[in-house]
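Student: I would like to learn how to read charged side chains in a model like this one. Could we go through it step by step?

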Amino acid sequence: MRADTTADGGDTRDLGDSARLASELRLAVGRMTRRLRQAHAVGDVSLSGVSVLARLARDGADSPTSLAEAERVRPQAMASTLALLEQRGLVRRTPDAADGRRSIVAVTEQGRAMLAERRSESVRRLAAVLDEFTAEERATLASALPLLDRMAERL
């Protein structure tokens with residue numbers, strides 16, 4: 001790769017430092033995400049489904065509307081995701097005690113087990129690659145994690 005091109009072949013001479021870094025970061029994170037996703041079986045839960053399950057497992061039961069807002073998707077998209085998760089027995093809906101017209105969605109034990117299995121598979125793959133890195137390289141990655149988390153929260 002020439003010094004004046006990005007990983008996707010774009011010309012960096014027209015990009016500012018932040019834009020150049022953003023371009024390289026987007027490509028690297030996208031590649032990692034795709035490769036981790038490709039390791040899962042065909043017909044596995046979608047990335048958006050896993051994100052919803054993880055949120056429910058971490059934050060507790062919530063309404064579909066709140067989930068859509070938190071995941072930054074349209075309510076219709078969240079309804080589709082939740083329907084698929086419910087069909088697979090990974091979430092359950094119950095009427096909202098405060099407002100019977102609304103429903104509350106919670107992760108099931110089967111959903112928690114699927115999340116744990118998927119997480120451990122991804123963690124095993126990442127750990128195997130990290131084992132090939134030097135201690136200094138691993139420390140550099142570890143020091144970047146708070147920045148990456150802050151970036152994810154602001155997107």
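Tutor: Let us begin with the helices, which are DSSP runs of H or I with at least four residues, numbered from the N terminus. Bear in mind throughout that this is a predicted model. Helix α1 covers residues 17–38, and R31 has its place there.

Student: Which residues gather with R31 in a patch of positive charge on the surface?

Tutor: A patch is built from residues with over 30% relative accessible area and no salt bridge. Here R31, R34, R35 and R37 form such a patch of positive charge on the surface, and R31 is partly exposed, its relative accessible area being 33%.

Student: How many salt bridges does the rule give?

Tutor: A salt bridge requires a side-chain nitrogen of Lys or Arg within 4 Å of a carboxyl oxygen of Asp or Glu, and by this rule the count is eight. One of them pairs R20 with D17, whose closest N and O atoms are 3.6 Å apart; both residues lie in helix α1, three residues apart, about one turn of the helix.

Student: Are R20 and D17 buried or exposed?

Tutor: R20 counts as partly exposed at 28% relative accessibility, whereas D17, at 63%, counts as exposed.

Student: What other side chains meet in salt bridges?

Tutor: Among them are R93 and E86, at 2.9 Å from N to O, with R93 partly exposed at 32% and E86 partly exposed at 34%. R101 and D99 meet at 3.0 Å, N to O, and R101 is exposed at 76% relative accessibility. In addition, R55, R58, D59 and E71 are joined into one network by salt bridges that share partners.

Notes: Residues numbered from 1 in each chain as written. Predicted model: local features only at pLDDT ≥ 70, side-chain atom pairs only at ≥ 80, totals over all residues. Heavy atoms only, no water. Patch = residues over 30% accessible without salt bridge, like charges linked within 9 Å, V, L, I, M, F, W, Y side chains within 5 Å. Areas by Shrake-Rupley, 256 points an atom, 1.4 Å probe, with all protein chains shown as cover. Lys, Arg positive; Asp, Glu negative; His and termini not counted. Charge placed at Lys NZ, Arg CZ, Asp CG, Glu CD. Helix = DSSP H or I, 4+ residues; strand = E, 2+ residues; numbered from the N terminus. Buried < 20%, exposed > 50% of the residue type's maximum accessible area, 1.4 Å probe, protein only.
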